[in-house]
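Biologist: Before we discuss assignments, please display the model under review. I shall then ask for the reasoning behind each label.

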Amino acid sequence: MQLTVCLPQKILIQTGVVKVTAESAHGLFCLLPRHIDCLTVLVPGLLTYLTPEGSEKFLAIDEGILVKCGEQVRVSTRHGIQGQDLLDLQRQVRQHFQTLDEQERRTRAALAKLEAGLVRHFITDLS
């Protein structure tokens with residue numbers, strides 16, 4: 001099978017695989033080459049795939065959509081992080097969330113300044 005994982009800004013993975021394991025709202029599932037074509041909504045979690053060489057790879061993903069059509073398995077998600085092993089992946093995910101938290105904090109501060117400026121503008125126009 002051919003696995004393609006797409007993020008909004010790039011293609012994260014495009015590789016041959018013999019097995020894909022992911023999680024939907026209905027639970028964990030596994031796709032093998034002769035699996036019936038399907039479409040499912042993915043929940044945040046691990047996507048695991050097995051390469052033809054026999055190595056197991058891990059990918060942490062956000063919510064997304066998985067489509068299996070013939071030999072193609074396509075995943076579209078907002079965030080995806082690759083790791084060499086589960087410990088490395090856990091470290092990277094933790095670091096990614098810290099970065100997102102900091103960006104969110106800065107965005108909230110910028111919005112508060114904009115709102116305060118807008119209120120000041122209305123007050124000075126009314127006086």
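Modeller: In this predicted model, β1 and strand β9 (residues 72-77) pair in the parallel sense over five bridges. Within this pairing, L3 stands opposite V73 in β9.

Biologist: What makes β1 and β9 count as paired strands?

Modeller: Pairing requires at least two bridges between the strands. DSSP gives five bridges for β1 and β9, so the two strands pair.

Biologist: How do you know that β1 and β2 pair, and in which sense do they run?

Modeller: Five bridges join strand β1 (residues 2-6) to strand β2 (residues 11-16), and at least two are required. The criterion is therefore met, and the two strands run antiparallel. V5 stands opposite I13 in β2. β1 and β2 form a hairpin, with four residues between them.

Biologist: Why is the contact of D37 with K68 called a salt bridge?

Modeller: The side chains of D37 and K68 meet at 3.9 Å, N to O. The cut-off is within 4 Å, for a nitrogen of Lys or Arg and a carboxyl oxygen of Asp or Glu. The pair therefore qualifies as a salt bridge. This salt bridge links distant parts of the chain: D37 lies in the loop between β4 and β5, K68 belongs to strand β8 (residues 64-69), and 31 residues separate them in sequence. The structure holds one salt bridge. Side chains of opposite charge can pair when their charged atoms come close.

Biologist: Why are D37 and K68 given unlike burial labels, if one is partly exposed and the other buried?

Modeller: K68 has a relative accessible area of 2%; buried means under 20%, so K68 is buried. D37 has 42% relative accessibility; this value falls between the limits of 20% and 50%, so D37 is partly exposed.

Biologist: What makes I36 exposed?

Modeller: The relative accessible area of I36 is 64%, and exposed means over 50%, so the label follows. I36 lies in the loop between β4 (27-31) and β5 (38-42). The C-alpha atoms of I36 and K68 are separated by 7.9 Å, although the two residues are 32 residues apart along the chain.

Biologist: Why is T48 called buried?

Modeller: T48 shows 12% relative accessibility; the limit is under 20%, so T48 counts as buried. T48 is placed in strand β6 (residues 45-50). Leaving aside residues up to four places away in sequence, T48 touches K19, V20, T21, E56, K57 and F58.

Methods. Residues are numbered from 1 along each chain as its sequence is written. This is a predicted model: local features need pLDDT of at least 70, side-chain atom pairs count only at pLDDT 80 or more; totals for chains, interfaces and linings use all residues. Side-chain values use heavy atoms; hydrogens and water are left out. Buried means under 20% relative accessible area, exposed over 50%, partly exposed in between (1.4 Å probe, protein chains only). Contact means heavy atoms within 4.5 Å.
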